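Student: I should like a close look at the surroundings of a single part of this model. Please set out what it touches and how it is placed, then relate it to the rest of the chain.

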Amino acid sequence: MPFAKCDGRRVSYEAGGREGLPLMALLPPGASGASIWRPVASALRDRFRTAAVNPSGYGETEPFAGPAPMTIRDEAAAAAAVIRAESPDGAARAHVVGHSYGGTVALVLALTWPELIGRLTLLEPAPYPLLREAGETAFAEEIEGRNRDFIAAVRGGGLDDAAMEAYLDYFNDRPGYWRGLDAETRSRMLALPERLAVNLDAVERLKLRPADLAAIAAPATVIRGGATDKLHARLSELVAGAIPSAVLIDLPGAGHMMTLTHGPAIAELLWATA
C-alpha cells in the first residue's frame, strides 16, 4: 500500500490503474476507508490512475494526534498530500470524487487548494452546517440532534448494534437497512464508532456558507440518490446550486449509502463525466 506524508503523519491510500493515466482521487464516506471504492476503482482502471484515500485512523493512515480536535481541513490536507504524491511534478490536476463525509472533505480541498482540482464529483456531500446557513432550520436541527446523540452514545460507552441500527436506518431513510447489510459489513462498521464520532464532530464544527462555495471554479457534478431521504436530497440541491459550474444528477434507486449499493452505476457516471 502506498503512503504520503502530511504534517508528519503517514497517510495510506489504495492506487489502481497505471501511472500516466488521468488522476482520480476517491474520498470515502464516514465509517469507511479506501476499500469501499474498490469496485469503482476496478471498473475505471483502464481510464484513470485512482488513489482511494484512507481518512484519519482508517486503514494504515495514522490517527490525527491533535492537540486540537481534528478538522475537515486536516482531512483535506491529507487528501492533498496524496494528490501531490501521485503527481510529484505538480503537472496533473486530479478529478476528486467524494461521497458524504468524503464529499465534505472534497469541498474544503477545492476551496483551500484549488490548484490541485481538475474536476469535482460529489456524491451526496454532507456539509451539514450549510443547512442552517441556508435557512433550512428544521433539517439543520434534525441532523444536529442525531449527530449529537450518536457522538454522546459513543463517548459514553453505550454504542451497540441497536444504536448503529437506529443511526444508519435513519441516515438511509429505510427501516431495516442495517439488518439488510451483510454480517461482515456490520461487523466492520461496529469496529469504527469512535472514528465515525470524530468525523461527525469535525463536520459539525465546519464553518461553511453557500456563498463560500461560489469560489469553486472547477467543473462539478453533484450526484443525488433517486431514493434518498429528504434531508440529503435538499443538501445536494444546496451544494449544486451554490457552485457556479455544478450539475445535479439523480442516480435512480440509490439511497445515501450509494457506494455500497450502486458501485457499477457510479463508475459509469464517472466515466461519462470525465
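Tutor: Helices (H or I, at least four residues) and strands (E, at least two) are DSSP runs, numbered from the N terminus. The model is a predicted one, in which local features need pLDDT of at least 70 and side-chain atom pairs count only at pLDDT 80 or more, whereas totals for chains, interfaces and linings use all residues. Residues are numbered from 1 along each chain as its sequence is written, and side-chain values use heavy atoms, with hydrogens and water left out.

The part chosen is helix 6, which spans residues 161-171 and has Met 164, Tyr 167, Leu 168, Asp 169, Tyr 170 and Phe 171 as its buried residues (buried means under 20% relative accessible area, exposed over 50%, partly exposed in between, with a 1.4 Å probe and protein chains only). These buried residues pack against helix 5 (137-155), helix 7 (177-180), helix 8 (183-190), helix 9 (193-204) and helix 11 (230-242).

Consider the packing of helix 6 with helix 5. Their axes lie 11 Å apart and make an angle of about 160° (axes are lines fitted to C-alpha atoms, for helices over the stretch in contact, and angles run from 0 to 180 degrees between N-to-C directions). Helix 5 and helix 6 are therefore roughly antiparallel (angles under 35 degrees count as roughly parallel, over 145 as roughly antiparallel, 65 to 115 as roughly perpendicular and the rest as oblique). The crossing of helix 5 past helix 6 is left-handed (the near helix is turned anticlockwise from the far one by less than a right angle; clockwise would be right-handed). On the side of helix 5 the contact involves Glu 142, Ile 143, Arg 146, Asn 147 and Phe 150, and on the side of helix 6 it involves Met 164, Ala 166, Tyr 167, Tyr 170 and Phe 171 (contact means heavy atoms within 4.5 Å). Seven residues of this contact are nonpolar, one is polar and two are charged (Ala, Val, Leu, Ile, Met, Phe, Trp, Tyr, Cys and Pro count as nonpolar, Asp, Glu, Lys and Arg as charged, and the others, Gly among them, as polar).

Helix 11, another partner of the buried residues of helix 6, packs against helix 5 as well. The axes of helix 5 and helix 11 come within 11 Å and cross at roughly 120°, which makes helix 5 oblique to helix 11. Their crossing is left-handed. Phe 139, Glu 142 and Ile 143 of helix 5 meet Lys 230, Leu 231 and Arg 234 of helix 11. Sorted by class, this contact holds three nonpolar, no polar and three charged residues. Glu 142 and Ile 143 thus appear in the contact of helix 5 with helix 6 and in that with helix 11.

Phe 139 belongs to helix 5. Beyond four places in sequence, Phe 139 touches Leu 131, Lys 230, Leu 231 and Arg 234. Phe 139 and Arg 234 are 95 residues apart along the chain, yet their C-alpha atoms are separated by 8.9 Å.

Helix 9, also packed against by helix 6, contains Asn 199. Asn 199 is buried, with a relative accessible area of 2%. Residues up to four places away in sequence aside, Asn 199 touches Gly 30, Ala 31, Tyr 58, Met 70, Glu 75 and Tyr 101. Of these, Ala 31 is 168 residues from Asn 199 along the chain, with 8.4 Å between the C-alpha atoms.

Ala 31 leads to some backbone details. Most residues other than glycine have a negative phi, and most peptide bonds are trans. Ala 31, which is not a glycine, has a positive phi of about 60°. It sits in the loop between strand 3 (23-27) and helix 1 (38-43), and Ala 31 is buried at a relative accessible area of 7%. Ser 100, likewise not a glycine, has a positive phi of about 55°. Its place is the loop between strand 5 (94-99) and helix 3 (101-112), and Ser 100 is buried at 6% relative accessible area. Gly 66 and Pro 67 are joined by a cis peptide bond with omega about 15°, and Pro 67 lies in the loop between strand 4 (49-53) and helix 2 (72-86).

For the chain as a whole, the secondary structure comes to 13 helices and eight strands. Among contacts between residues at least 6 apart in sequence, 76% join residues at least 24 apart. Of the 274 residues, 55% count as buried.
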